[in-house]
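Thanks for sharing this one. Here are a few notes to read alongside the structure.

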Amino acid sequence: MNIVAVTACPTGIAHTYMAAEQLEKTAKSLGHRIRVETQGAMGIENELSASEITDADVTIFAVDIEVEKRDRFDGKKIVQVTVSQAIRDPKAVLAKAGA
């Protein structure tokens, strides 16, 4: 499965990156492709391209704040969870996404 994700917490520091790392590590261990964009204090980092979003089977929003430029994902299957869910149980988040 081809997955794109956005992680974002109110400060956009530690938890944003912890969630991204957990999703990346777990998705790869399950044989999926994943690309994660982070949002927070530093703005948007590792911004997903239009083609990456288009080619994705599913989008995961592991966020505790509103996603910037959310309209880029219009028409995509979106699974939204909290940042802490992605950190604590990334396997369950990926299962919820159908991965």
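**Notes on helix 1 and the sheet**

1. A quick reminder before the details: this is a predicted model. A good place to begin is helix 1, whose buried residues pack against strand 1 (2-8), strand 2 (33-40) and strand 4 (58-63), and also against helix 3 (83-88) and helix 4 (90-96).

2. Helix 1 itself runs over residues 14-29, 16 residues in all. From first C-alpha to last it reaches 23 Å, close to the 22 Å expected at 1.5 Å a residue.

3. Which residues of helix 1 are buried? They are Thr 16, Ala 19, Ala 20, Gln 22, Leu 23, Thr 26 and Ala 27. These residues lie on the same side of helix 1 because they cover an arc of only 165° around the axis. The spacing is worth a glance in the sequence: an α-helix has 3.6 residues a turn, so residues three or four places apart point the same way.

4. On the face of helix 1 turned away from the buried side you will find the exposed residues Lys 28 and Ser 29. Just after the helix comes Gly 31, with a positive phi of about 90°.

5. Now to the sheet. It is open, with five strands in the order 3-2-1-4-5 and mixed pairing. Strand 3 (43-45) and strand 5 (78-81) are the edge strands, each pairing on one side only. Ignoring direction, neighbouring strands of this sheet are turned by 20° against each other on average. Helix 1 packs on the sheet, where it touches strand 1, strand 2, strand 3 and strand 4. The direction of helix 1 makes about 175° with that of strand 2.

6. Strand 4 deserves a closer look for its pairing. With strand 1 it pairs in the parallel sense over six bridges; Ile 3 stands opposite Val 58, and Ala 8 has Val 63 as its bridge partner. Strand 4 also pairs with strand 5 in the parallel sense, over four bridges, and here Ala 62 stands opposite Val 81.

7. Why can strand 4 be called largely enclosed by the rest of the structure? Six of its six residues are buried, so the description fits. Val 58, Ile 60 and Ala 62 point one way from the strand, Thr 59, Phe 61 and Val 63 point the other way, and all are buried. In a regular strand the side chains alternate between the two faces of the sheet.

Conventions: Residues numbered from 1 in each chain as written. Predicted model: local features only at pLDDT ≥ 70, side-chain atom pairs only at ≥ 80, totals over all residues. Heavy atoms only, no water. Helix = DSSP H or I, 4+ residues; strand = E, 2+ residues; numbered from the N terminus. Expected span 1.5 Å × (residues − 1). Buried < 20%, exposed > 50% of the residue type's maximum accessible area, 1.4 Å probe, protein only. Arc of directions from axis to C-beta. Contact = heavy atoms within 4.5 Å. Pairing = 2+ DSSP bridges. Axes fitted to C-alpha atoms, helices over the stretch in contact; angles between N-to-C directions.
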